[in-house]
Amino acid sequence: MVRTCILCSSFLLLFFLSCTSHAEPRGQSSSSSSSLRRSARAPAAKVRLAGNYARGPNEGRVEVLHNNTWGTVCDDEVDIKLANVVCQELGFHSAITWAHSARYGEGDGTIWMDNVRCDGSEKSLKDCKHNGWGVNDCKHSEDLGVVCSPERRLDQAGSRGHSIALRPDNSPSLQWQSVLAGRGSTRPRYNGNGHPQEVPRLHRHHLGASKVRIEEVRLRPILMATKRRALILEGVIEVKHAGRWRQVCDLGWSLNSSRVVCGMLGFPEATQHNTKTYNKIWDKKVADPSTRMSLMTKKKGFWVEKVHCLGTEASLSECLAQLSIPRSPAPCKSGRHAVAKCIPGPQFARMSSGRPQAPNPVVPVRLKAGPRLGEGRVEVLREGKWGTVVDHLWDRTSASVVCRELGFGTAREALTGAYMGQGTGPIHMNRVQCTGAERSLLDCNYQEVPLWTFKHTQDAAVRCNVPRTGLERTVRLAGGREAGEGRVEVLMENGGRKRWGSVCSENWGINEAMVVCRQLGLGFASSAHQETWYWAGDPSASNVILSGTHCVGTELSVQQCRHNNHVHCPRGGGTKAAGVTCSETAPDLVLDAQLVQETAYLEDRPLHLLTCANEENCLSSSAARMNWPYGHRRLLRFSSRIMNLGRADFRPKATRESWTWHQCHRHYHSIEVFTHYDLLTLNGSRVAEGHKASFCLEDTYCPDGLQKRFSCYNMGDQGISVGCWDTYRHDIDCQWVDVTDVRPGDYIFQVEVNPSMDMAESDFMNNVMRCRCKYDGHRAYMFGCHAGDAYSAETEDSFEHQRQISNNFL
């Protein structure tokens, strides 16, 4: 009996040890061996999900183990990448979302991590950057929670078979559904038409994936007509798996699956191809035993079979598929290779014919401040005003709806945390949830956003799949020290054949440079060079082949910009050819319109106090005909606050050594004309103007957590840091418009920052601020101040012609 008990106890002990070690990867015999391989500087840490009430095993408050003590993580600067790292460390496939503000109850003890920043490639949460263990400014009311996808990673699930993607039910747990439905329950959730939603739609189509992934997809053109086109819109589908290209069997293939393939290739939709033509070609090649296709079709490694998509997936890897059908004697039996035919977006539809570029589609959504085509902050148009989208629950499914609406394919990434810079103005949508079948983002379910409930630090952004146009192969940079700089050389037809040549730098500016950098996929242009003697170009491309270039900034290539039919370049090429310097990030200056409206007033200022201002041409021309120093000038004065909402510091183009000294005011000007002030009639004619030189471009104020880096004191560096702003008070010289000669009437007051576009920005459209102004000869009424691109075209037109006054006089 005793021996029997000992045997039972031994069996139970072995069973317990085998269960506890089941999740360890092969090759790691114990936790001690893995801990020895860790760096001495990286503290060992473990992660768990906790909570103060009922929850699923895939969700909860994030807690980490450090110094043998469990503690929480603060929800500051959290994004989906951090949540993915946590979920994958816990053995789940990925994260669905994260929960802030102690959604799973407040923890106790130490808050170990704050401002955690992960890039998504980390194996453990401890590998992410953060303030330091225990260094935080948080309370437990800010404890972070995550919701992981229910399916486990295959390297820990012990699954078998050839399935390329798992398809479990990925609906959130009941507790999380109640959270989603209960948050802000006092406010109705809206559908795209503005009506309250009747049935909550929380189900997500299969988000899982397995260790067998489809890495890439392409179309191989078969028909001669499709081979000759610049864009490949039609052909046999080939997918890349494990570094090898395979055919897709058409058994079970549908137009929904073609739509997913086209989305990955940058096209919004798919259409039916001519099946008879392709079947005839297939049958002919397979019947000939000497052809490669006849031999390869008999091999299982040549095929991917039984691909089934709903059409709403962002990638083919999310669809159900198999490498080969088990116990099948032959692959793709009685089937053929799958074919797809894509429909390009309107901006790409004319490329194959060589006609001019079509305008971008007019839709109630746009992308702003993106460094490349198909990237940017998401903004939607509602009630005539553009506004941003909160990144709560923002995912690739909703982002793909945006991309397709804009004429691109599906989304490569759904970005959060104002990754593409902060927007301005209203925030229109929160908790957007799409099925992927919607024609517009406004057709998806979302919540209204009450004023002042969210900040623009949570603006959603997207990276879309765009077609491979080949335009990047028609321009290159030569002689630069880095890949993102050099003399611009273009490939153009000259004398009946295509050859490389340089670009005339006459009138070469930042807009033209932006087009070149975007064409090359190198982001923004930080500088447009009119002299490139320090960069030796290709000797075979020294001749100027493109001159008179004038770009709007939206062109797909520099060759599409307006230019001379016949080359005319008085400056010559060579050392004076055009060049660019590209950058991944750029600043973005935005004027605070509300401050202008609140601080504007009239002042009659004596001439003897305007001597210095007159020397700097801050008065209208009639001031020169006055009997100085007697008399006065009527000035419309105001304060201006200029914010840098971009992702790089704003710096003057001129170096400190070339700044201009002004003796009268006794200060340096780093930018001779930093802002333009204009008073316009309703038809756009200028009746009064002013300007402001940047005598002191500095960080007047930075929010908490940001440090001032630029100051004019003692001839310090000038600039505006990311997230900071520079304020010009109403009581300093030249901070006005001289309206002495202006007749009473209705006008438009306009302020433009960086008017000559000498310094690069990610978005020039928001550099203009406009107000309606009524001047009765004694007082000025200012109202409706807004950024120049804040309204729709129709609303902007009515703004310019409305007659009523909507606010108090100034």
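The following exchange discusses a predicted model of a single chain.

Colleague: What pLDDT does the chain average, and what share of the residues score at least 70?

Modeller: Confidence varies along this predicted chain: pLDDT stays under 50 over residues 157–212 and also over residues 803–810. Where pLDDT is low, the predicted coordinates should not be read in detail. The chain averages a pLDDT of 81, and the share of residues scoring at least 70 is 82%.

Colleague: How many helices and strands does the chain have?

Modeller: Of the 810 residues of the chain, 51% count as buried. Among contacts between residues at least 6 apart in sequence, 71% join residues at least 24 apart. The elements of the chain number 14 helices and 40 strands.

Colleague: Is α11 largely enclosed or largely open, and why?

Modeller: Buried means under 20% relative accessible area. The buried residues of α11 include I510, M514, V515 and Q519, and they pack against β22 (475–479), β23 (485–494), β25 and β27 (579–583). Because nine of its ten residues are buried, α11 is largely enclosed by the rest of the structure.

Colleague: Which residue with a positive phi follows α11?

Modeller: Before the helix, in the loop between β24 (497–503) and α11, lies N507, a residue other than glycine with a positive phi near 65°. After α11 comes a residue whose phi is positive, near 75°, namely G521.

Colleague: Is N507 buried or exposed?

Modeller: The cut-off for an exposed residue is over 50% relative accessible area. Because N507 has a relative accessible area of 64%, it is classed as exposed.

Colleague: Is A369 buried or exposed?

Modeller: A369 is found in the loop between β15 (365–368) and β16 (375–382), and its phi is positive, near 65°, although it is not a glycine. Most residues other than glycine have a negative phi, and most peptide bonds are trans. Because its relative accessibility is 10%, A369 counts as buried.

Colleague: Is the peptide bond from W628 to P629 cis or trans?

Modeller: P629 is found in the loop between α13 (611–615) and β30 (632–637). The bond from W628 to P629 has omega near 0°, and it is cis.

Colleague: Which element gives the most to the lining of the second largest pocket?

Modeller: This pocket has a volume of about 610 Å³. The elements that give two or more residues to its lining are α11 (510–519) and β25 (524–529). With four residues, the element that gives the most is β25.

Colleague: Which residues lie nearest the centre of the second largest pocket?

Modeller: By class, the lining has 13 nonpolar, ten polar and six charged residues. Of the 29 residues that line the pocket, those nearest its centre are I510, S526, S527, D758 and A760.

Colleague: Which residues of the largest nonpolar core touch the most other members?

Modeller: In soluble globular proteins, nonpolar side chains tend to be buried together. L441, for example, touches V378, V389, W394 and V432 among others, not counting residues up to four places away in sequence. Of the 54 residues in the largest nonpolar core, those touching the most other members are I237, L316, V378, V389, W394, V432 and L441.

Colleague: How many residues does another core, apart from the largest nonpolar core, have?

Modeller: This other core includes A600, Y677, F749 and M759. It lies apart from the largest nonpolar core, and its number of residues is 32.

Technical notes. Residues are numbered from 1 along each chain as its sequence is written. This is a predicted model: local features need pLDDT of at least 70, side-chain atom pairs count only at pLDDT 80 or more; totals for chains, interfaces and linings use all residues. Side-chain values use heavy atoms; hydrogens and water are left out. On a 1 Å grid over the protein atoms alone, a cavity is a set of points where a 1.4 Å probe fits but cannot get out, and a pocket is an open set with protein on both sides within 12 Å along at least five of seven lines; lining residues have an atom within 4 Å of a point. Grid points are joined across faces, edges and corners, and a volume is the space filled by probe spheres set on the points. Ala, Val, Leu, Ile, Met, Phe, Trp, Tyr, Cys and Pro count as nonpolar, Asp, Glu, Lys and Arg as charged, and the others, Gly among them, as polar. A nonpolar core is a set of buried Ala, Val, Leu, Ile, Met, Phe, Trp, Tyr and Cys residues joined through side-chain atoms within 4.5 Å. Buried means under 20% relative accessible area, exposed over 50%, partly exposed in between (1.4 Å probe, protein chains only). Contact means heavy atoms within 4.5 Å. pLDDT is the predictor's confidence in each residue, from 0 to 100.
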